[in-house]
Number of protein chains: 2
Amino acid sequence: MTDVMDQTVNPNAAQLPADVLNQDCPSRTVLRHLTDRWAPMILTVLAPGQPVRFTELRRTVQGVSPKVLTETLRSMERDGLVTRRVTPSVPPRVDYLLTDLGASTVEPLAALRRWAEANVGEVQRNRRRYDREQAEGLIASPCGQAPP
Amino acid sequence: MTDVMDQTVNPNAAQLPADVLNQDCPSRTVLRHLTDRWAPMILTVLAPGQPVRFTELRRTVQGVSPKVLTETLRSMERDGLVTRRVTPSVPPRVDYLLTDLGASTVEPLAALRRWAEANVGEVQRNRRRYDREQAEGLIASPCGQAPP
DNA sequence: GTAATCGATTACCTCAAAGTAACCAAGGGG
DNA sequence: CCCCTTGGTTACTTTGAGGTAATCGATTAC
């Protein structure tokens, strides 16, 4: 659960301005958690501000296993992005909701998600073109003969 | 190099609007590449628009190995985010520069990077508080006696 | 002659993240 | 009596992303 990179490796880096390009800057761990496999999707679901139950999250974020969903939510709770609210009942009810800090990630992450959704077509075309050109270059020269 | 998720698993999902929450939507692969470990940092360095040499990239993005830098750049070239420009000389010179598509990722990714750099302090405080509260709950009850 | 440069590639290894499957308690419904 | 529910946990396995170190070829600088 705890992360090796949570601590600053180089003690001299402690009070310098944060810079993800700097190997020792702890902002790298923050960026990595934000870009964890499931975190952007979870934050997308929580973005409207309504509390969401564990099982509903599990259904909405398609393909996530309960183990990984729990782990990711714990990590986000530890970072202060979400609040876990337990209602003791049978069956138990647990809601997750954004903190103010978590809510401030919604805009940047939504922009990234929108970019991916808007440009998936162009990216796929680029990939096909690249793979085709790679194959051409490897198999034969323009005249149908093997390259020198 | 090629990616299993590059193809749509469910053929019926082909022409639906892109949605990262959908397990079969190829936009998920796009989002994942954008959030690859080194991609946001590489795009940060290329953001100004000037071509950047391989070795300069290697120096600026601290901690990246040549192998992984090559892999990441290839993947970004395949997706159409960067252009690789070779100048045959001795020693060889290779520049990388953003395509228009790549340039359009700069804003969203820079916003994410800025968030990480701006909030690293608060996140670290949250982590310390969470870990402290966890330790308290596990070790002793408020009266110094073991919990029932 | 030999060291350094650049932009890789290769083989190999490691480790953390993710996946799988089983199980839990405490009740309610059939 | 058995199974369903919720929100997990545990143990185990898999994967793949990433890291390490060595090497390359062609040339210039020392």
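These questions and answers cover two helices of chain B and the contacts with DNA strand D in a predicted model.

Local features need pLDDT of at least 70 and side-chain atom pairs pLDDT 80 or more, while totals for chains, interfaces and linings use all residues. Residues are numbered from 1 along each chain, chains are lettered from A in the order written, and side-chain values use heavy atoms, without hydrogens and water.

Me: Why is helix α1 of chain B called largely enclosed?
Reply: Buried means under 20% relative accessible area, with exposed over 50% and partly exposed in between (1.4 Å probe, protein chains only). A helix is a DSSP run of H or I, at least four residues; a strand is a run of E, at least two. In α1(B), residues 27–34, 7 of the 8 residues are buried, so the rest of the structure largely encloses this helix. Among them are V30(B), L31(B) and L34(B).

Me: What makes α2 of chain B mostly covered?
Reply: 7 of its 8 residues, within 39–46, are buried. They include M41(B), I42(B) and L43(B).

Me: How do you know which residues surround DNA strand D?
Reply: A residue is near the strand if one of its heavy atoms lies within 4 Å of it. 19 residues surround DNA strand D, and R84(A) and R37(B) are among the closest.

Me: What makes the T55(A) pair a polar contact?
Reply: A polar contact is a pair of N or O atoms within 3.5 Å; within protein, one must be able to donate a hydrogen and the other to accept it, and sequence neighbours count only through side-chain atoms on both sides. A polar side-chain atom of T55(A) is 2.5 Å from a phosphate oxygen of DNA strand D. For Y96(A), the distance to a phosphate oxygen is 2.8 Å. K67(B) has a side-chain N or O atom 2.5 Å from a base oxygen.
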